[in-house]
Amino acid sequence: MSRIGKIARRTFLIGSAVIVGGVAFGVYKVRKPAPNPLQAGPGEAALNPFVFIDQTGVTLIAPRAEMGQGVRTTWAALIAEELDVELDDIKVLHGPPAKAYYNSALMGEALPLKGYDTSDFMHGLGQAMGEMGKLINAQVTGGSTSMKDGFERMRQTGASARETLKQAAADRLGVDRDQLQTAKGHVIAPDGSQIPYTELAEAAVGITPPDVALRDPSQWRLLGKALPRVDMVGKSTGTAEFGIDVRPEGLKFASLRINPHLGGGMVGFDATKAQAMPGVEKIVDLGTGVAVVASNTWLAMQAAEAVDIDWEQAPYPTDTDAIFKKIAAGFDDAPNSSLRDDGDVADVPQGATTLNAEYRVPYLAHATMEPMNATAHLTGGALELWCGTQSPTLAQWKCAGAAGLEIDDVTLHTTYLGGGFGRRGEIDFVLYATKVAMAMPGTPVQTTWSREEDMRHDFYRPGAMARFTGAVSDGKAVMLDGQISAQPVMAQSVDRMLDMPVMGPDKMHVEGAFNQPYAIPNYRIRGHFADLKIPVGYWRSVANSHNGFFHETFVDEMAIAAGRDPLEFRLETMADEHAPSVGVLQAVRDMSGWTGVTPDGVGRGVAFTYSFGTPVAQVIEVVDEDGTIRIRKAWIACDMGIALDPGTVRAQMIGAMIYGLSAAAHGQITFAQGQVEQGNFPDYDALRMHSTPQTEVQILETSAYIGGAGEPGTPPSMPALGNALFDLTGTRVRELPFNRTFDLKV
Amino acid sequence: MSTSVTINGKPHQVDLPGNVPLLWVLRDEIGLTGTKFGCGVAACGACTVHIDGEAVRSCQVALDDVWGEVTTIEGVGTPDALAAVQAAWVDHQVAQCGYCQSGQIMQAAALLAENPDPTDSDIDEAMQGNLCRCGTYPRIRSAIHAASTMMKEV
């Protein structure tokens, strides 16, 4: 049996009282370390939940969802840096769902702080809050937190394991530990002889790990460099295993249809015709829809289409206009938050120019390339699951409940994710697969959604509206008063996933607007909730994706009203507020050769958003080609303090911008008769090879604390494009997507 | 009814209705999962394979209509023996989530076979049917140029 297979088999013991080889490292800031989910057999050693060693080598656990952001490589590099192993010589696995793999950064983000002005005290408070992630078993990949979370913890894990291995060697050689060196998976004795870690691991298990200082960044071998990704060969040869690729023996294939009136139930169905179709083995009543199990996914999809279903109606208005009336009605209710309230917005100086604007952005789908799917196998009292998930502990818990099992009876294998963007933090697709498997006990079943089911059953980026009022005087911003109304993502998702109410001001709802580093003397941002039951969720950069557009379009309008260059106006307004933000704006100014003047037929726009601890500025250039507008060039500058892998950061910045530009140019989910109208890529397209701008990226490293990389590139892309279109055409468009107004190259 | 089809040089007898698309024959019957399902309507290119060297969307070719020898990503090269185009993909660290990349590589391989020295606009033309939601396009472009150079040097 392969080594990976053996480790996977041992994970059946997760959560049981048996802990073999678990070593309480001093690295955990919480008092009591979580149990080690890695169960070592004879001759093997699980030095901690992240380092597993047997005779054949070293395996590192990177328990974060690899959805393209390179986390498996960078997380492993954090451990390897201190452990003194080479990435070529080790294996990296995702590992099982486990408390030990909680996200220590996610909860820290919940404090109602702006972020960019964080003091050391507040940073410490955020870290302390992060430990609460352990209490709620939050093994989550999201919120651009992986590097904040792993940066110290994983280096300490590697260092601690290294020193333990050195102690084992010291005991064997009868020398002091500090006389020993380590390199490339070996302890080096004073006489130059080498002992491989694989020989020392078993002895190391019994040793209490010493506390050890981390190496200075100047000594880093791996971090700070663009490393070859551990998943690159697999993903270039079709051998990387995604959820849709798992093939346990005896696998059957299912597809489903869920009520397109989202949240509605099912009155009844007639599957007579489907039952008789080729390859069909079983029809499964899912309560809110029907699944068909067959010998082939396509046959299952065809049969699912042939089921005649009587749906209940949706618990929300039937069309887009009525839905946006409800969003507008949110402005009439008391605000949920006023997290920025500087000066007095009523205090506008005599002679100031005032301006007002109303903005509107649509609901958006995630549209991951890999449609939703999961594989489940129920045997006796055990459930085995395979899926690409951003929330493995949550999926394990909820599926155990659905199947009437204990959490320990559920094994979950996290595969590669064919795109996540927040969609795979939800667990609906794993639950449906579990329900299908419950109807086929003893048989593994893979349940794959058609693209249309995927697009029509998302947890959408909420549609949102904003009303902004501002005043400029003597070329300066003197007042900005913004109101935002949308469905609250956090309140709905916490209720859905954790069955808990959320109280108090919702910071996430106003991020990208309340926490921007502009020094405007009279400055207020209020968040309003729209009372709607459309399923909404975490879409790359969450509320920053709409608030960035509102805020930065309005700042541009203020600059124009003040008769100022939009880039210089921003620089001046943030000059004394946050130096790294000034730095990224200056960087895009210099890279793009910004002059504020563009020739006929060319337009340029700038935008800036501080999100997830990282300021990002972008300049977008559009060009009129015989009436069709093409996005020709882009410049991006970011500052996340430390770029642990600049190659990955660059890819994330470009990718996040393209994701945002795709939405700004073409993306909208609309409703008619209570159903989502778009079903596939021809209705919901994105940028492609020929419509993607040539892009330059500059990475700065001056921020005081490490920031996120996966999401901060998305928010500024949309206003930067709008500001460029304004520069080109003189038309200010306050509603997305832009292809409603302009002929954009598709 | 049994249908004969040759995949990556190997003959297979497939016992499925003749209207089942080649994509689902490959994935669910033969077990070649490198070819991906993305949209089912030829709008994303994730399922691209070659039939007699021509890039086609396997979600749109019924089993009965397969007119020649099929090559999938598994037939192009393996982790231990990468084809030039795959080596270029690795050198340029193209993939992010990686789900679309089998289709991107198959499309690029067909382009390079037909046009060994493609310009940027040739690449735009050939690759525009292949969607990537991660936005790897700039590195795909670089990798195609690099593969072109590598193939000329061989």
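These legends accompany close-up views of a predicted model with chains A and B.

**View 1. Chain B splits into two domains that touch each other.**
Domain 1 of chain B covers residues 3-75, and domain 2 covers 77-153. Their centres, taken over C-alpha atoms, lie 20 Å apart. At the contact, 15 residues of domain 1 of chain B meet 12 residues of domain 2 of chain B. On the domain 1 side, two elements give two or more residues: β3 (48-51) and β4 (54-57) of chain B. The top contributor there is β3(B), with 3 residues. By class, this side of domain 1 of chain B holds 6 nonpolar, 7 polar and 2 charged residues.

**View 2. Chain B meets chain A.**
Chain B brings 47 residues to the contact, and chain A brings 50. Helices of chain B supply two or more residues each to the side that touches chain A: α1 (22-30), α2 (73-76), α3 (84-91), α4 (101-114), α5 (120-127) and α6 (137-153). That side of chain B divides by class into 27 nonpolar, 15 polar and 5 charged residues.

**View 3. Chain A is divided into three domains.**
Domain 1 of chain A spans 3-221. Domain 2 is built from two stretches, 249-314 and 372-456. Domain 3 also has two, 333-363 and 459-740. Between domain 1 and domain 2 of chain A, the contact takes 18 residues from domain 1 and 20 from domain 2. The domain 1 side of that contact has 8 nonpolar, 9 polar and 1 charged residue.

**View 4. The largest nonpolar core has 261 residues.**
Residues with the most contacts inside this core include Leu60(A), Val292(A), Ala300(A) and Val85(B). Leu385(A), Val436(A) and Leu721(A) are also among them. Helix α19 (residues 646-666) of chain A gives the largest share of the core, 12 residues. Another core, of 8 residues, lies apart from it. Its members include Ala98(A), Tyr101(A), Tyr102(A) and Leu106(A).

**View 5. Leu60(A) and its contacts.**
Leaving aside residues up to four places away in sequence, Leu60(A) touches Phe50(A) and Val51(A). Leu60(A) also touches Ala76(A), Ile79(A) and Ala80(A). Ile90(A) and Val92(A) complete the list.

**View 6. Strand β18 of chain A is covered on both faces.**
Strand β18 runs over residues 445-448 of chain A. Val445(A) and Thr447(A) are buried on one side. Gln446(A) and Thr448(A) are buried on the other. Strand β8 (residues 252-258) of chain A pairs with β18(A) in the parallel sense, over 3 bridges. Here Phe253(A) stands opposite Gln446(A). Strand β15 (residues 373-379) of chain A pairs with β18(A) in the antiparallel sense, over 4 bridges. In that pairing, Ala374(A) has Thr447(A) as its bridge partner.

**View 7. Four strands of chain A form an open, mixed sheet.**
The strand order is β22-β23-β24-β27. At the edges are β22 (602-611) and β27 (694-700) of chain A, each paired on one side only. From one strand to the next, the twist averages 15°. Strands β23 (residues 614-625) and β24 (residues 628-639) of chain A run antiparallel and are joined by 10 bridges. Across this pair, Val616(A) stands opposite Cys638(A) of β24(A).

**View 8. Two residues other than glycine have a positive phi.**
Most residues other than glycine have a negative phi. Gln673(A) has a phi near 50°. Gln673(A) sits in the loop between β25 (671-672) and β26 (675-676) of chain A. Gln673(A) counts as exposed because 11 other C-beta atoms lie within 10 Å, and the cut-off for exposed is 12 or fewer. Asn8(B) also has a phi near 50°. Asn8(B) is found in the loop between β1 (3-7) and β2 (10-14) of chain B. With 17 C-beta neighbours inside 10 Å, Asn8(B) is partly exposed.

**View 9. A cis peptide bond joins Leu736(A) and Pro737(A).**
Omega of this bond is about 0°. Most peptide bonds are trans. Pro737(A) belongs to the segment after α20 (717-729) of chain A.

Key
Residues numbered from 1 in each chain as written. Chains lettered and ligands numbered in written order. Predicted model: local features only at pLDDT ≥ 70, side-chain atom pairs only at ≥ 80, totals over all residues. Domains from an automatic or database assignment. Contact = placed C-beta atoms within 7 Å. Nonpolar A, V, L, I, M, F, W, Y, C, P; charged D, E, K, R; others polar. Core = buried A, V, L, I, M, F, W, Y, C linked by C-beta atoms within 7 Å. Buried ≥ 20, exposed ≤ 12 C-beta atoms within 10 Å, placed from the backbone. Pairing = 2+ DSSP bridges. Axes fitted to C-alpha atoms, helices over the stretch in contact; angles between N-to-C directions.
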